[in-house]
Every structure is written in C-alpha cells, then in structure tokens.
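Subject: Structure for you to look at

Hello,

Here is the structure I said I would pass on. Please open it first; my notes follow below.

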Amino acid sequence: MSGLFLTLEGIDGAGKSSHIDALAVLFKAQGRNVTRTREPGGTPLAETLRGLILEQPMDALTESLLVFAARRDHVLKVIEPALARGDVVLCDRFTDATFAYQGAGRGFDMNVLSALERWVQGGRGIGTESAEPASPTAASDSLLQPDITLWFDLLPAIAAERLAGARVPDKFESQPVEFFRRVAAGYAERAAGAERFVRIDASQARDQVWQQIEAALFDRGLIAKGTGESL
Ligand code: TMP
C-alpha cells in the first residue's frame with residue numbers, strides 16, 4: 001500500500017488541530033498505519049528549533065532558515081520513512097505554512113522560500129542519512145509535497161475571538177489581526193494554485209467541519225466510506 005501524505009493548514013485559531021485525533025481513528029479504521037506529526041517539530045531536533053521559532057524574536061530570513069532546517073530533519077527522519085512504509089502521515093502544518101506566515105505574513109521573499117523548498121524537499125535519496133540536497137534548480141514536480149491539504153479557512157477576526165483567552169499566546173498568536181489577514185490571503189493564493197487543497201469552511205460548528213473533512217476524503221477515494229466520528 002502506498003503512503004499518503006495529508007497536511008492540515010490554516011491561520012491560528014482555525015481549529016485544525018482538534019480534528020487530528022479523529023482523522024487518525026478514521027484511517028486506522030480503514031486498516032491503515034498512521035504517523036501523526038507536526039511542524040515546526042516532529043523530531044527532537046525540530047522540536048528544539050520549534051521552541052526557538054515560537055519564542056525568540058528574529059528576522060524573517062533567520063526564521064525561514066530555522067523552519068526549513070527543522071523540516072529537513074523531520075522529512076528525513078519521520079515523513080519519508082513513514083511514507084516508504086505505506087503509512088498515512090497526518091502532519092499538522094508543512095511548507096504551505098512557511099509561504100503563508102513567513103512569505104505573505106512577514107513579507108519575506110517567496111523566491112528564497114521556493115529555493116529553500118527545493119533544497120529541503122527535493123533531495124535525491126531523501127529518507128536516508130546520506131541524502132544529498134537537491135540543486136536549488138530542481139524541477140518542482142520532483143519535490144516532496146502533500147497528497148492532500150485540508151485548508152481550514154476562517155476569517156481572521158473570528159479566529160482572534162476564538163483564541164482570546166484560550167492560552168498564553170506564542171510569538172505568532174500574539175500578532176495583530178492584520179498579520180493574519182495577510183497569512184489568510186497567502187493561504188488562499190497557495191490553494192488557488194494546487195489541486196491538492198481542499199477548502200474547509202472552518203466557521204461552521206465542529207461536527208459540520210468534520211463532515212466536510214469526511215466528505216472530502218471520500219470524494220477523493222482516500223477512505224472507503226464515512227466511518228469516522230468526531231472526537
Ligand atoms: P501550531 O500552533 O499550529 O502548531 O503552529 C505553530 C506556529 O508556527 C503557528 O503560529 C504557525 C507558525 N509556523 C510558521 O510561521 N512557519 C512554518 O513554516 C510553520 C510550519 C509554522
């Protein structure tokens with residue numbers, strides 16, 4: 001059975017993470033092995049970098065380099081091996097978040113992000129410790145990309161209301177709503193450019209959001225029938 005790489009994306013407060021448990025249950029009920037992971041993070045090194053990225057002030061290039069360094073370790077040690085085993089990889093954020101947050105949100109150069117993406121996700125022999133990074137001019141069709149991306153779309157003002165008082169905000173969560181308007185626009189632009197995106201209307205009640213997820217997976221032939229229940 002071939003692996004399936006599923007990512008969840010959206011602005012902070014859109015509610016994506018609350019559906020990962022149910023997704024894992026759903027795919028396991030279909031007889032699949034599931035690897036659950038997240039970015040930044042997913043390996044000890046990448047989780048250490050996550051702490052720095054979410055807490056320390058830094059310029060956008062430093063942030064982008066750290067995010068991609070964490071991703072490289074994560075891709076090599078977790079994502080590629082899991083896909084090679086035939087697992088369903090459920091990853092809470094991936095490179096779309098970099099284009100949305102560092103690119104659209106912070107206004108960092110998208111061409112530099114694209115070059116880093118090719119270095120990190122285009123390596124020959126990815127999945128082995130000796131993997132060589134790809135040339136920054138590698139063809140985009142040889143990049144490791146998600147098979148399907150659930151994009152939780154929510155107005156930034158509503159997301160801010162949901163986040164208010166929920167927990168101590170990290171560096172990104174404490175950004176003004178205007179930052180999240182740019183991030184949301186960045187996601188919309190990414191989604192318009194790739195068929196792997198499924199737009200989930202995240203303004204709906206949790207059960208209805210789950211129904212949208214199940215329907216999207218069923219329509220794409222990724223689950224045999226709707227057997228999952230929202231947890
Ligand atoms: P999370 O709270 O959904 O786990 O995401 C962590 C934060 O990191 C979130 O505010 C988005 C941000 N982030 C980036 O800025 N760039 C990235 O490439 C990734 C993966 C996350």
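Strand S2 (residues 34-38) pairs with S3 in the parallel sense, and five bridges connect them. One of the pairings to look up is Arg36, whose bridge partner in S3 is Leu90. Please keep in mind that this is a predicted model.

S3 also runs parallel to S1, again with five bridges joining the two. Here Leu4 has Val88 as its bridge partner in S3.

How many of the five residues of strand S3 (residues 88-92) are buried? Five of the five are, so S3 is largely enclosed by the rest of the structure. The burial covers both faces of the strand: Val88, Leu90 and Asp92 are buried on one side, and Val89 and Cys91 are buried on the other. Leu90, the partner of Arg36, and Val88, the partner of Leu4, therefore belong to the side of S3 that also holds Asp92, and these three are all buried.

The other residue I looked at is Glu9, which lies in strand S1 (residues 4-10). Glu9 has 0% relative accessibility and therefore counts as buried, the cut-off being under 20%. Its side chain makes a polar contact of 2.6 Å with the side chain of Tyr187. Beyond its neighbours within four places in sequence, Glu9 is in contact with residues including Lys16, Tyr187, the run Arg93, Phe94, Thr95, Asp96 and Ala97, and also Thr149, Leu150, Trp151 and Phe152.

Regards

Note on methods:
Residues are numbered from 1 along each chain as its sequence is written. This is a predicted model: local features need pLDDT of at least 70, side-chain atom pairs count only at pLDDT 80 or more; totals for chains, interfaces and linings use all residues. Side-chain values use heavy atoms; hydrogens and water are left out. Helices (H or I, at least four residues) and strands (E, at least two) are DSSP runs, numbered from the N terminus. Buried means under 20% relative accessible area, exposed over 50%, partly exposed in between (1.4 Å probe, protein chains only). A polar contact is a pair of N or O atoms within 3.5 Å; within protein, one must be able to donate a hydrogen and the other to accept it, and residues adjacent in sequence count only if both atoms are side-chain atoms. Contact means heavy atoms within 4.5 Å. Two strands pair if DSSP finds at least two bridges between them.
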